[in-house]
Amino acid sequence: MELRHLQHFVAVAEDQHFTHAAERLLVSQSGLSASIRALERELQTPLFVRTTRRVTLTEAGRALLGEARRILAQVRAAHEAVAAVQGVLRGTLSLGTEQCIAGVPVARLLAAFRQRHPDVEIRLRQAGSGELAEEVAAGRLDLAFAYRTQADPEHLRSASLAGEPMTVLCHPGHPLAARPAAVAPADLAEEVFVDFHPDWGPRRVTDAAFAAAGVRRTVALEVNDVHGLLDLVDENLGIAVVPRHFRHKRASLTAVPLTDGGGRRTRRSPCCRRSSPPARRPGR
């Protein structure tokens, strides 16, 4: 049994898609399929149920997945132990981030880390904060730059890195644009909202703030991209509650501060999250 076959198997099992796994592994889809078939021939059993849209694990595949991860982790640990004796930091750092996190220059941090530790492979995953929390909790990510809410697993540990007020963005022709002061959730009860998918940090914070205020809101349009959200607001299809720094991304929109109803600005804080106990660092 070849290690690359196990690596390919784990990638397909995690992505549940041959094309996505091939892109992540930087191999051809035909080569990945051949690798999985070779592993199935060796084990004399199918590992996946294949459909036109996705693949799922068979019972044998589920049994193999945990063992394959354990074997690959042991191989990585062996390589890293030898590198540590040689005084070289090696290994893989898997981290996640949500799009456009204020106060956390992710690219700059990764560039500085790469300069100090060129032998460490960096794997970056971008997703919503909810999904990133689950990935860290499951051990598939070492840490994530994301936004923590009470819905996250309790055994995650976090360090607050920055915070900023939330604001309401609207078209300049919208009635809110003429408001001289901040607005509270109760002022927006009748509005139509453009928002991110429920997994995203801004959406989770906004939902929590409106729920705490006892205000129901109508989210008519959901997006999974910052620029898509701004485009919809720019067409006056709804208003959006977003972190304050978003107002600098589209000069044509009007920003109105949002309070919690008691005069306090609603805030959200980016966090660096890790599993507990801390995930094993490269070279250790």
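In this predicted model, Arg217 lies over the face of Phe193, at 4.8 Å from the ring centre. A second ring is involved as well: the charged end of Arg217 sits over the ring of Phe210, 5.4 Å from its centre.

**Overall composition**

The protein chain comprises 284 residues, of which 42% count as buried. Its secondary structure consists of 8 helices and 13 strands. Among the contacts with a separation of 6 or more, 71% are between residues 24 or more positions apart. The chain exposes about 15,200 Å², and carbon and sulfur atoms supply 50% of that area.

**Aromatic pairs**

A pair of aromatic rings is described by the distance of the centres and the angle of the planes. The count for this model comes to 5 aromatic pairs. Two of the pairs are set out below.

| Pair | Centre to centre | Angle between planes | Class |
|---|---|---|---|
| Phe18 and Phe48 | 6.2 Å | 70° | edge-to-face |
| Phe196 and Trp200 | 4.5 Å | 10° | stacked |

Why is the pair of Phe18 and Phe48 edge-to-face? The planes of the two rings stand at 70°, and an angle over 60 degrees places a pair in that class. This pair links distant parts of the chain, since Phe18 belongs to helix α2 (residues 18-25) and Phe48 to strand β1 (residues 48-50), 30 residues apart. Both Phe18 and Phe48 are buried. Ring pairs also bring in Phe9, which forms a cluster with Phe18 and Phe48. In the stacked pair, Phe196 and Trp200 are likewise buried.

**Nonpolar cores**

Phe9 and Phe48 reappear in the largest nonpolar core, which has 19 residues; together with Val12 and Leu64 they have the most contacts inside it. Four helices each supply at least two residues of this core: α1 (3-15), α2, α3 (29-43) and α4 (59-85). Of these, α1 gives the most, with 6 residues.

The surroundings of Phe48 can be listed in detail. With neighbours within four places in sequence left aside, Phe48 is in contact with Phe9, Val12, Ala13, Ile36, Glu40, Val55, Thr56, Leu57 and Thr58. Apart from the largest core lies another core, of 14 residues, which includes Met166, Val168, Cys170 and Leu176.

**Helix α6 and Ser129**

Ser129 is found in helix α6, which covers residues 129-137. Is Ser129 buried or exposed? Its relative accessibility is 0%, so Ser129 counts as buried, the limit being under 20%. The side chain of Ser129 is joined to that of Glu98 by a polar contact of 2.7 Å. Besides Ser129, the buried residues of α6 are Gly130, Leu132, Ala133, Glu135 and Val136. Just after this helix, Gly139 takes a positive phi of about 85°.

**Helix α8 and Gly228**

Gly228 is found in helix α8, residues 226-234. At 22% relative accessibility, Gly228 counts as partly exposed, because this value is neither under 20% nor over 50%. How far apart in space are Gly228 and Asp195, C-alpha to C-alpha? The distance is 9.8 Å, while Gly228 and Asp195 are 33 residues apart in sequence.

How values were computed: Residues numbered from 1 in each chain as written. Predicted model: local features only at pLDDT ≥ 70, side-chain atom pairs only at ≥ 80, totals over all residues. Heavy atoms only, no water. Buried < 20%, exposed > 50% of the residue type's maximum accessible area, 1.4 Å probe, protein only. Contact = heavy atoms within 4.5 Å. Areas by Shrake-Rupley, 256 points an atom, 1.4 Å probe, with all protein chains shown as cover. Phe/Tyr/Trp six-rings, centres within 6.5 Å; stacked < 30°, edge-to-face > 60°. Lys NZ or Arg CZ within 6 Å of the ring centre and 35° of its normal. Core = buried A, V, L, I, M, F, W, Y, C linked by side-chain atoms within 4.5 Å. Polar contact = N/O pair within 3.5 Å; in protein donor to acceptor, adjacent residues only side chain to side chain.
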